[in-house]
Amino acid sequence: MKLGVHASIRGGVQSAPERARDFGAECLQIFTKNQRRWEPSGPITDEEAEAFREQIDEHGYELADTFAHGSYLINVASDDDEQFDKSVDALVTELERASKLDLLGVCFHPGSHKGAGEEFALDRVVDGIEAALERSPDDTLLLVEGMPGAGTQVGDDLEHLAHWMDALPADRVGLTLDTCHLFVAGYDLRPDAYEATMQDLASTIDLDRVESWHLNDARHPYASAKDGHAAIGDGELGLAAFEALLSDERWAGLPASLETSPDTYETDLKRLRDVRSVDA
Ligand SMILES: [Zn+2]
Ligand SMILES: [Zn+2]
């Protein structure tokens, strides 16, 4: 795995690569707009896109390892038509912006059904993604992120991820897995359980659909369905879980980003590098 960070775009998207480099990251993930708003404050200009690509290059990164994270407001699992339509529009915006920057893809949270039921939500997410793909540039992947399962969140069960991957085209849609989310959703990654969990993963989803990882330790216990990212080695997962993941050939070469805190990124990356035994 390539060990990266989620880098802030304070000062413009073109400022992210240098920030990531300062932490010692090998790849990066960014928001391309304020993640807590529906609308971007403006389009990404040709100049900004050009400056971003130059900075990626100058700091030794590859656009093919670089991802965007979509807005937290998106909920394509919603049975509220207005919320759903806004979410589809937002996915289109995210894909357009990522495409403008030549990023490999955008990961996003599928959402919560809020009482409409899991079965409804699973197909609603497919409808939402299909609608967004129809109106988006086809050179950018949409990556559904595995979720903790807080409240009525969907995407916390591997069967959900499998349902979406079966229904959606492999050349447009993939998966992002998050160590913390998997763990609190009931998929143990600690050494004693790691191999069994990987067997479970491999028999449920096509591992080739996994395009990126988020590396976060978990502040809350196993199967608690509660999100909360802890510094690597300081949470319920522990460093040994990351050692198992980073010694696993199945994930060799995939970009992975920390979403812990910029305050701990440097030590997090160092701890991860120290236990990585499979080539980046
Ligand atoms: Zn996320
Ligand atoms: Zn999270």
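Strand β5 (residues 141-145) is mostly covered in this predicted model. Of its 5 residues, 4 are buried. Two strands pair with β5. Strand β4 (residues 105-108) runs parallel to β5 and is joined to it by 4 bridges. Within this pairing, Cys-107 has Leu-143 of β5 as its bridge partner. Strand β6 (residues 173-178) also pairs with β5 in the parallel sense, again over 4 bridges. Here Val-144 is matched with Leu-175 of β6.

Helices connect these strands. Helix α4 (residues 118-134) forms a right-handed β-α-β unit with β4 and β5. Helix α5 (residues 158-167) does so with β5 and β6, and that unit is right-handed too.

Leu-142 belongs to the largest nonpolar core, which holds 76 residues. Together with Leu-28 and Val-106, Leu-142 touches the most other members. Helix α3 (residues 81-100) gives the most to this core, with 6 residues. Neighbours within four places in sequence aside, the contacts of Leu-142 include Leu-91 and Leu-95. Gly-105 and Val-106 are also in contact with Leu-142, as are Ile-129, Ala-132 and Leu-133. Arg-172 and Val-173 complete the set.

Helix α4 was examined for length and for its buried face. Its 17 residues should span 24 Å at 1.5 Å a residue, and the end C-alpha atoms lie 25 Å apart, which agrees. The buried residues of α4 are Ala-121, Leu-122, Arg-124, Val-125, Gly-128, Ile-129 and Ala-132. They lie on the same side of α4, because they cover an arc of only 165° around the axis. An α-helix has 3.6 residues a turn, so residues three or four places apart point the same way. Glu-119 and Glu-134 are exposed on the other side of α4. The cover over the buried residues of α4 includes α3, β5, α5 and β6.

Beyond β5, Met-147 sits in the loop that leads to α5. Met-147 counts as buried because it has 24 C-beta neighbours inside 10 Å, where the cut-off is 20 or more. Leaving aside neighbours within four places in sequence, Met-147 is in contact with His-109, Pro-110, Gln-153, Gly-155, Asp-156, His-181 and Ala-185. Lys-226 is 79 residues from Met-147 in sequence, yet the two are 9.7 Å apart in space, C-alpha to C-alpha.

Conventions. Residues are numbered from 1 along each chain as its sequence is written. Chains are lettered from A and ligands numbered from 1 in the order in which they are written. This is a predicted model: local features need pLDDT of at least 70, side-chain atom pairs count only at pLDDT 80 or more; totals for chains, interfaces and linings use all residues. A nonpolar core is a set of buried Ala, Val, Leu, Ile, Met, Phe, Trp, Tyr and Cys residues joined through C-beta atoms within 7 Å. A residue is buried if 20 or more other C-beta atoms lie within 10 Å of its own, exposed if 12 or fewer, and partly exposed in between; C-beta atoms are placed from the backbone. Two residues are in contact if their C-beta atoms, placed from the backbone, lie within 7 Å. Two strands pair if DSSP finds at least two bridges between them. A crossover is right-handed if, with the strands pointing away from the viewer, the path from the first strand over the helix to the second runs clockwise. The expected span of a helix is 1.5 Å times one less than its number of residues. The arc is that of the directions from the helix axis to the C-beta atoms.
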